[in-house]
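Work through the exercises below with the coordinates open. Each task is followed by its solution.

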Amino acid sequence: MADPHTPAPRPEPVHLRRSPAHGAAAEMAAASVAGPPGVMLREIAFAPQLGVRTVPGSASASRIERALGVSLPSSVGETTGDPDALHCVWISPDEFLTIDVSRTQEHGEAGAVAAALDDDRPGAGRVPGQVVDLSGNRAILELTGPSARAVLEKGCHVDLHPRAFPVGHAVSTLVGPVPMIVHRSHGETFRLLPRSSFAQYTVRWLIDAMLEFRTIRA
């Protein structure tokens with residue numbers, strides 16, 4: 001029976017949440033151009049993002065992979081999982097970012113996965129590693145369409161040609177002056193993950209880079 005003196009948990013004020021690029025939604029929609037040579041920009045808001053620190057192939061990595069339901073990438077540029085649902089991006093040799101673009105973040109997700117590192121069964125015990133909730137740390141902007149690559153090539157610091165940057169590839173780089181993760185989730189779709197504080201600037205940089213394709217379409 002619940003203690004009558006214990007206050008009930010306060011519900012999360014979900015209706016007050018604002019995504020990093022929330023204020024630019026109308027501008028992104030207005031800047032998007034359908035059809036050839038089209039390019040569209042949108043934000044994927046509130047997707048759960050978990051930061052993972054562990055050594056691939058270790059006992060802690062195995063426990064985290066079982067708890068997450070996705071394997072960890074083994075090399076730079078590699079991603080694992082489903083790009084339209086739960087997937088994992090390589091950040092460094094012992095650092096990874098899991099993202100699920102099919103749903104919104106729920107409270108306590110990181111703790112549930114991190115609990116796998118502290119197995120109290122006999123003979124198991126604690127293993128090193130870390131899982132933290134980073135859902136508010138990065139915005140997720142999606143640029144898609146036949147001209148998406150051309151837009152990014154105006155300021156991306158890596159070669160985006162499919163020979164060098166195939167579908168499924170993801171790296172940390174710069175777009176313009178902004179550090180971010182660039183993930184080619186599909187042939188004509190790129191996901192950009194800047195820090196949330198750079199989201200509005202990144203949106204405006206992309207809208208400016210998209211302008212010529214509106215002119216061509218007109």
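Buried means under 20% relative accessible area, exposed means over 50%, and partly exposed lies in between. The model is predicted.

**Exercise 1. Classify Ser147 as buried or exposed, and place it in the chain.**

Step 1. Locate the residue. Ser147 sits in the loop between S9 and H4.

Step 2. Apply the cut-off. Ser147 has a relative accessible area of 5%. The limit for buried is under 20%, so Ser147 is buried.

Step 3. List the contacts. Beyond four places in sequence, Ser147 is in contact with Pro37, Gly38, Val39 and Phe213.

Step 4. Look for a polar partner. The Ser147 side chain reaches the backbone oxygen of Pro37 at 2.9 Å.

Step 5. Inspect that partner. Pro37 belongs to the loop between H1 and strand S1 (40-43). A cis peptide bond joins Pro36 and Pro37, with omega about -5°.

**Exercise 2. Find which residue shares a polar contact with the side chain of Glu142.**

Step 1. Glu142 is part of strand S9.

Step 2. Check burial. The relative accessibility of Glu142 is 8%, so it counts as buried.

Step 3. Collect the neighbours. Not counting residues up to four places away in sequence, Glu142 touches Met40, Leu41, Arg42, Ile44, Thr189, Phe190 and Arg191.

Step 4. Pick out the partner. The side chains of Glu142 and Arg191 are joined by a polar contact of 2.8 Å.

**Exercise 3. Assign exposure classes to Ala26 and Phe46.**

Step 1. Ala26 lies in helix H1. Its relative accessibility is 60%, so Ala26 counts as exposed.

Step 2. Now use a distance. Ala26 and Arg42 are 16 residues apart in sequence, and their C-alpha atoms are 9.6 Å apart in space.

Step 3. Phe46 is in the loop between S1 and strand S2 (49-53). At 29% relative accessibility, Phe46 counts as partly exposed.

Step 4. Check the backbone of Phe46. Phi is near 65°, a positive value in a residue other than glycine.

**Exercise 4. Describe the largest pocket: what volume, and which lining classes?**

Step 1. The volume is about 170 Å³.

Step 2. The lining has 16 residues. Pro20, Phe46, Ala47, Ser135 and Gly136 lie nearest the pocket centre.

Step 3. Sort the lining by class. Seven residues are nonpolar, five are polar and four are charged.

**Exercise 5. Identify which residues touch the most other members of the largest nonpolar core.**

Step 1. The core holds 27 residues. Leu143, Leu152 and Leu206 touch the most other members.

Step 2. Map the core onto elements. Those giving two or more residues include helix H1 (25-31), strand S9 (141-144), helix H4 (148-152) and helix H5 (199-217). H5 supplies the largest share, six residues.

Step 3. Follow one hub. Outside four places in sequence, Leu152 touches Leu143, Leu160, Val175, Val182, Phe190, Leu192 and Leu206.

Step 4. Look for a further core. Another one, of 15 residues, lies apart from it and has Leu68, Leu72, Ala110 and Val131 among its members.

**Exercise 6. Summarise the whole chain: how many helices and strands?**

Step 1. Count the elements. The protein chain has five helices and 12 strands.

Step 2. Give the burial. Of the 218 residues, 43% are buried.

Step 3. Give the contact range. Among contacts between residues at least 6 apart in sequence, 60% join residues at least 24 apart.

Note on methods:
Residues are numbered from 1 along each chain as its sequence is written. This is a predicted model: local features need pLDDT of at least 70, side-chain atom pairs count only at pLDDT 80 or more; totals for chains, interfaces and linings use all residues. Side-chain values use heavy atoms; hydrogens and water are left out. A nonpolar core is a set of buried Ala, Val, Leu, Ile, Met, Phe, Trp, Tyr and Cys residues joined through side-chain atoms within 4.5 Å. Buried means under 20% relative accessible area, exposed over 50%, partly exposed in between (1.4 Å probe, protein chains only). Helices (H or I, at least four residues) and strands (E, at least two) are DSSP runs, numbered from the N terminus. Contact means heavy atoms within 4.5 Å. On a 1 Å grid over the protein atoms alone, a cavity is a set of points where a 1.4 Å probe fits but cannot get out, and a pocket is an open set with protein on both sides within 12 Å along at least five of seven lines; lining residues have an atom within 4 Å of a point. Grid points are joined across faces, edges and corners, and a volume is the space filled by probe spheres set on the points. Ala, Val, Leu, Ile, Met, Phe, Trp, Tyr, Cys and Pro count as nonpolar, Asp, Glu, Lys and Arg as charged, and the others, Gly among them, as polar. A polar contact is a pair of N or O atoms within 3.5 Å; within protein, one must be able to donate a hydrogen and the other to accept it, and residues adjacent in sequence count only if both atoms are side-chain atoms.
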